[in-house]
Amino acid sequence: MKIQVITLFPEMFKPVLETSMLFKAKDKKLVEYLYINLRDFGLGNRKTVDDTPYGGGDGMLLKPEPLFAAVEYAKEQDSKAKVILMTPRGKTLTQAMSKKLSKEKDLIIICGRYEGYDERIASIVDEQVSIGEYVLTGGELPAMILIDSVVRLIPGVLGGENSAEIESFSDGKTKEFPQYTRPEKFKGMKVPEVLLSGNHGEIAKWRKNQQKN
Ligand code: ADE
């Protein structure tokens, strides 16, 4: 999967996408991350990307011309990619959405900034996604969260073939069961007896039961 990110702050992504599983996914060539700096599509000598809102109001909005030009550039690399706009006004990200997106061939993710963006950008976007009902200073952190939740679901990224299947919310509602590792006793707290029993039937039953709590 090729993921192109349109952002004014490409440097924010490297520390996250070049670490741990997200880096391993890239290293195994299961995913490719490309950063498109919105500033490169800014207008005039000053590479302007923002302007004041019509009708008045606080703050600045991302202008439509640089956003359209950046998306068109990304589409030239990859005409079939799904275009996602990170915005607090979008549909709230769920595990089911991440799963669906993990099956896409390629993604283009637009990160908003300032007080928002010119609404006409919505006309060239396939999906508007929010990571929750709170407002951040920009779409970069939300984009990284979306990328993390999508990339880990791409077959071959996680170690165990079904590690992504058995965990929390993989069916949209069930929570993960609690897990333990060595030592058996730690600060007076013991690992539940059933997990030490070697009885796989009983262990499965216990785990299923725990998921209901
Ligand atoms: N940009 C700012 N806040 C956001 C949020 N909650 N989700 C997605 N994009 C955002």
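How many aromatic pairs does the structure hold? In this predicted model, the structure holds two aromatic pairs. A pair of aromatic rings is described by the distance of the centres and the angle of the planes. For Phe 13 and Tyr 35, the ring centres lie 5.7 Å apart and the planes meet at 35°, so the pair is tilted. This pair connects distant parts of the chain, its members being 22 residues apart. Phe 13 belongs to the loop between strand S1 (2-7) and helix H1 (14-17), whereas Tyr 35 belongs to strand S2 (residues 32-37).

The ligand occupies the largest pocket. Its surroundings consist of Met 86, Thr 87, Pro 88, Val 129, Ser 130, Ile 131, Gly 132, Tyr 134, Val 135, Leu 136, Gly 138 and Pro 142. By residue class, this shell comprises eight nonpolar and four polar residues, with no charged residue. Strand S5 (82-92) and strand S7 (127-130) each contribute at least two residues to the shell; the largest share, three residues, is supplied by S5.

Backbone atoms of the shell approach nitrogen atoms of the ligand at several positions. A polar backbone atom of Tyr 134 is 2.8 Å from a ligand nitrogen, and a polar backbone atom of Leu 136 is 3.0 Å from a nitrogen atom of the ligand. At Thr 87, a backbone N or O atom is found 3.2 Å from a ligand nitrogen. Of the 260 Å² of accessible area that the ligand has on its own, the protein covers 96%.

Technical notes: Residues numbered from 1 in each chain as written. Predicted model: local features only at pLDDT ≥ 70, side-chain atom pairs only at ≥ 80, totals over all residues. Heavy atoms only, no water. Near = heavy atom within 4 Å. Polar contact = N/O pair within 3.5 Å; in protein donor to acceptor, adjacent residues only side chain to side chain. Areas by Shrake-Rupley, 256 points an atom, 1.4 Å probe, with all protein chains shown as cover. 1 Å grid on protein atoms, 1.4 Å probe; cavity = no way out; pocket = protein on both sides within 12 Å on 5 of 7 lines; lining within 4 Å. Sits in = over half its atoms within 2 Å of the grid points. Helix = DSSP H or I, 4+ residues; strand = E, 2+ residues; numbered from the N terminus. Nonpolar A, V, L, I, M, F, W, Y, C, P; charged D, E, K, R; others polar. Phe/Tyr/Trp six-rings, centres within 6.5 Å; stacked < 30°, edge-to-face > 60°.
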